[in-house]
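Here is a short briefing on one protein structure. Keep the 3D view open and find each residue as you read.

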Amino acid sequence: MKKCIAIILLLLSAIIAYAQEYPIHIMEEGHIVVGVTINDSIPANFILDTGAGIMILSGKMYERIKDKVKSAGYHTGFRHDGDKISGEIYQVPSFAIGNERVENLKMGVYPPLDGMGIDGLVSMKFFEDKPFTIDYPNGKLIFQDPNSLMVLAEKGEVGQLGFHRNMDVSLDISIPICINDKVHVNAQFDTGSGHDLYVVNPFFMQQLGMTESNTEASTYTTPISGTEIKDYIAKENKLRVCGTSASITSSIVFREGLIMEALVGSGIFKEGAITIDIPSARFIIHK
């Protein structure tokens, strides 16, 4: 009898897990598009952006729902390059991905998204209590439960997440990256940067044996303030998620004015899957 009950529970858990899988579209450059529902009635396409910090509405989407939202104050955030973004924030009645729903979520507005044909950005604030997996090869977003997390942790490679929080509005995550097996940096994990962006603070150039003479100098213009800053590009570097086998060989950019130790895109994970478990402050890399 007990064995039958265990089998039934196992089957039910499998059904629940399957019900929590949702398709995502991964663009060529690595941006992840996911279907969402706003206010229980408005379907929309958002980019899942682990580096966005705050939840974001496009200008057009805000206009569609502005009579349903409430002002929730004012917020100032910063891009990785130091550009400042300030504006009013709003409390949106509900926001959902499939069956996963959050009420009274605080969101900002960024009209330039209108030109990209995107309705907004899903940040880590939505997933604060929802462990989830980005399965790149199969194009799936999977919400995990305690049982599935236990299985993934047993079979996969586990590391510790870092967090940067700004009040109750913004949440960013970081992962440990080892560069050329010499230098360990805490890197913001940013799917919004696509697959191939790896940016490091120039503070680490000397430790890595990099100088202006053995890197390629370039000029980077910040997209908001238009400030020109220097980039130093170093080719053929090994970046590895510290303590795991996940690695990639890529160019890295040492960017003046970077406000963190490093920022990495999703290229290290694009051949497999990564689970982000914010409640347990961990990530799991698996196939």
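Which residues do ring pairs link into a cluster? They are Tyr-22, Phe-46, Phe-95, Phe-126, Phe-127, Phe-132 and Phe-143. Bear in mind that this is a predicted model. The points below begin with the rings, then turn to the cores, a helix and some single residues.

**Aromatic rings**

- A search of the whole structure finds nine aromatic pairs.
- One of them joins Phe-95 and Phe-126. Their ring centres are 5.5 Å apart and their planes stand at 70°, so this pair is edge-to-face.
- The pair links distant parts of the chain, 31 residues apart. Phe-95 sits in strand E6 (residues 84-97). Phe-126 sits in the loop between strand E8 (120-122) and E9.
- Phe-95 is buried, with a relative accessible area of 0%. Phe-126 is buried too, at 1%.
- Phe-126 also has a charged partner: Lys-130 lies over the face of its ring, 5.2 Å from the ring centre.
- Elsewhere, Arg-255 lies over the face of Tyr-220, at 3.6 Å from the ring centre.

**Nonpolar cores**

- How many residues does the largest nonpolar core have? It has 65 residues.
- The residues with the most contacts inside this core are Ile-38, Phe-95, Ile-97, Val-122, Phe-126, Phe-127 and Ile-177.
- Strand E13 (residues 170-179) gives the most to this core, with five residues.
- Another core lies apart from it and has nine residues. Among them are Val-33, Ile-54, Ile-56 and Val-169.
- Beyond its neighbours up to four places away in sequence, Ile-177 touches a list of residues including Val-183, Val-185, Leu-239, Cys-242 and Ile-268.

**Helix H3**

- Helix H3 covers residues 146-155, and its buried residues are Ser-148, Leu-149 and Leu-152.
- Why are these residues on the same side of H3? They cover an arc of only 100° around the axis, which puts them there.
- The face turned away from the buried side carries the exposed residues Pro-146 and Glu-154.
- The buried residues of H3 pack against three strands: E9 (132-135), E20 (273-277) and E21 (282-286).
- At the start of H3, a side-chain oxygen of Asp-145 comes to within 3.2 Å of the backbone nitrogen of Asn-147.

**Buried residues in strands**

- Leu-48 is in strand E3 (residues 42-48). At 0% relative accessibility, Leu-48 counts as buried.
- Leu-48 and Val-33 are 15 residues apart along the chain, yet their C-alpha atoms are separated by 6.2 Å.
- Not counting residues up to four places away in sequence, Leu-48 touches residues including Ile-32, Val-34, Val-122, Phe-127, Phe-132 and Thr-191.
- Gln-188 is in strand E14 (residues 183-189). Is Gln-188 buried or exposed? Gln-188 is buried, with a relative accessible area of 12%.
- With neighbours within four places in sequence left aside, the contacts of Gln-188 include Gly-51, Asp-172, Ser-174, Met-260 and Val-264.
- Tyr-90 is in strand E6. Tyr-90 is buried, with a relative accessible area of 12%.
- The side chains of Tyr-90 and Glu-88 are joined by a polar contact of 3.0 Å.
- Tyr-90 and Lys-70 are 20 residues apart along the chain, and their C-alpha atoms are separated by 5.4 Å.
- Leaving aside neighbours within four places in sequence, Tyr-90 is in contact with residues including Tyr-62, Val-69, Lys-70, Leu-105 and Met-107.

**Positive phi angles**

- What is the phi of Asn-104 near? Phi is near 55°, a positive value in a residue other than glycine.
- Asn-104 lies in strand E7 (residues 100-109). Asn-104 is partly exposed, with a relative accessible area of 42%.
- Asp-181 has a phi near 55°, again a positive value in a residue other than glycine.
- Asp-181 is in the loop between E13 and E14. At 48% relative accessibility, Asp-181 counts as partly exposed.

Key. Residues are numbered from 1 along each chain as its sequence is written. This is a predicted model: local features need pLDDT of at least 70, side-chain atom pairs count only at pLDDT 80 or more; totals for chains, interfaces and linings use all residues. Side-chain values use heavy atoms; hydrogens and water are left out. Buried means under 20% relative accessible area, exposed over 50%, partly exposed in between (1.4 Å probe, protein chains only). Helices (H or I, at least four residues) and strands (E, at least two) are DSSP runs, numbered from the N terminus. The arc is that of the directions from the helix axis to the C-beta atoms. Contact means heavy atoms within 4.5 Å. A polar contact is a pair of N or O atoms within 3.5 Å; within protein, one must be able to donate a hydrogen and the other to accept it, and residues adjacent in sequence count only if both atoms are side-chain atoms. Rings of Phe, Tyr and Trp (its six-membered ring) pair if their centres lie within 6.5 Å; planes under 30 degrees apart count as stacked, over 60 as edge-to-face and the rest as tilted. A charge sits over a ring if NZ of Lys or CZ of Arg is within 6 Å of the ring centre and within 35 degrees of the ring normal. A nonpolar core is a set of buried Ala, Val, Leu, Ile, Met, Phe, Trp, Tyr and Cys residues joined through side-chain atoms within 4.5 Å.
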